[in-house]
Amino acid sequence: MSNIQKIGNPARQSNNLLFKRRSILKTLSLAALLPVGLGAYPSGIVIAADGVPLPENVMTPDAALKRLLDGNKRYVSGKISVRDFNVNRAILAKGQNPYACILSCADSRVAPELCFDESRGDLFVTRLAGNYASLDILASLEYGTAVLKAPLIMVLGHTDCGAIKAGMKADKENVDFPGHIQTITSELKSAVKEGVKLPGNATDNVAKENVRLNVAKLKESTPILRQLVADKKLMVVGGLYHLDTGKVELLT
Ligand SMILES: [Zn+2]
């Protein structure tokens, strides 16, 4: 029996799957194949011969967080950068080295490149309703950090989140949502359980709790991410985007 068969649906059992020995060995083998230096990425990823496509994106985790928050300040104040999208087009056609990974809600009102005043090639963005770390998201974030070497992951929830509201409704009224939507509400159960205990805006409290839980999960759940954090090559933080102001509140 394979590891997947033993634990059931892998989409709902991402934590268990990640701790299975075969999966760990597979990911470690991949990591061992990855070069330490620049310019020798796996086939299909081409890097400019003289180094990374965007040298200004090579930075420490702290510098990456400062750059994100500075960009958000520009966005909130309306003083965003004027961009010529033809600049860097040729170099970015050859490769990428984003300086931060974002795990954002899919909500159309939350747009990471816009709210951090960034351009193509700067952010490695993964999105899904409820901004939780599913198995597919974990794989993408491992790629963004271990292969593309982004030094920062930000889990980005937001105020008045529809996915969070659905999760709360499912919990309170024992509602089953149609199709695959139930998957989202099931994933948010733990955050709902803790968030509703707190005083204040219940929806936003659950959104914050969801961010905190997923920051902890990303720090601890996979050998690749855990090692990068231990080596101080990666920082994982959480933020809450305020729909009314555009401000990203740093939570963790
Ligand atoms: Zn949302």
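C105 and C161 are both buried. That is a good place to enter this structure, which is a predicted model. The two cysteines bind a zinc ion through their SG atoms, and H158 joins them through NE2. These protein donors lie 2.1 to 2.3 Å from the zinc ion. Along the chain the donors follow the spacing C-x52-H-x2-C. C105 sits in the loop between β1 and α6 (112-115), and C161 sits in the loop between β3 and α8, so the pair ties together parts that are 56 residues apart in sequence.

The loop after β3 deserves a closer look. It runs between β3 (152-158) and α8 (162-173), and T159 lies in it. T159 is buried, with a relative accessible area of 9%. Its side chain reaches the backbone nitrogen of L243 at 3.0 Å. Leaving aside residues up to four places away in sequence, T159 touches D204, L240, Y241, H242 and L243. D160 is also found in the loop between β3 and α8. D160 is partly exposed, at a relative accessible area of 37%. Its phi is positive, about 50 degrees, although D160 is not a glycine.

D117 offers another positive phi in a residue other than glycine, near 50 degrees. This residue is found in the loop between α6 and β2. D117 is buried, with a relative accessible area of 4%.

Now step back to the sheet. It is open and has five strands, in the order β2-β1-β3-β4-β5, with mixed pairing. β2 (123-127) and β5 (248-250) are the edge strands, each pairing on one side only. From one strand to the next, the twist averages 25 degrees. Helix α11 (residues 202-220) packs on this sheet and touches β3, β4 (235-241) and β5. The direction of α11 makes about 165 degrees with that of β4.

β3 has a parallel partner in β1 (residues 100-104), and the two strands share four bridges. Here L103 stands opposite V155 of β3, and the bridge partner of I102 in β3 is M154. β3 also pairs with β4 in the parallel sense, over seven bridges. In β4, V236 is the bridge partner of I153.

How many of the residues of β3 are buried? Seven of seven are, and the strand is mostly covered. In a regular strand, side chains alternate between the two faces of the sheet. In β3, L152, M154, L156 and H158 point one way. I153, V155 and G157 point the other way. Residues pointing either way are all buried. The zinc donor H158 therefore belongs to the set that includes M154, and a relative accessible area under 20% is what buried means here.

Next comes the nonpolar interior. The largest nonpolar core has 35 residues. Which of them have the most contacts inside the core? They are L103, L141, I153, I164 and L218. The elements that give two or more residues to this core are β1, α7 (135-147), β3, α8, α10 (189-195), α11, α12 (223-230) and β4. α11 gives the most, with five residues.

L218 shows how these pieces meet. Not counting residues up to four places away in sequence, L218 touches A133, L138, L141, I153, V155, L225 and V236. I153 and L141 in that list are, like L218, among the residues with the most contacts inside the core. I153 and V155 point the same way from β3.

Another core lies apart from this one. It has 16 residues, among them L65, Y99, M154 and Y241. M154 points the other way from β3 than I153 does. Y241 is one of the residues that T159 touches.

Finally, turn to the outside. K172 lies in helix α8. Is K172 buried or exposed? K172 is exposed, with a relative accessible area of 74%. K172 and K193 are 21 residues apart in sequence, and 10.0 Å separates them in space, C-alpha to C-alpha.

Notes:
Residues numbered from 1 in each chain as written. Predicted model: local features only at pLDDT ≥ 70, side-chain atom pairs only at ≥ 80, totals over all residues. Heavy atoms only, no water. Buried < 20%, exposed > 50% of the residue type's maximum accessible area, 1.4 Å probe, protein only. Polar contact = N/O pair within 3.5 Å; in protein donor to acceptor, adjacent residues only side chain to side chain. Contact = heavy atoms within 4.5 Å. Pairing = 2+ DSSP bridges. Axes fitted to C-alpha atoms, helices over the stretch in contact; angles between N-to-C directions. Donors = N, O, S within 2.8 Å, 3.2 Å for Na, K, Ca; no water. Core = buried A, V, L, I, M, F, W, Y, C linked by side-chain atoms within 4.5 Å.
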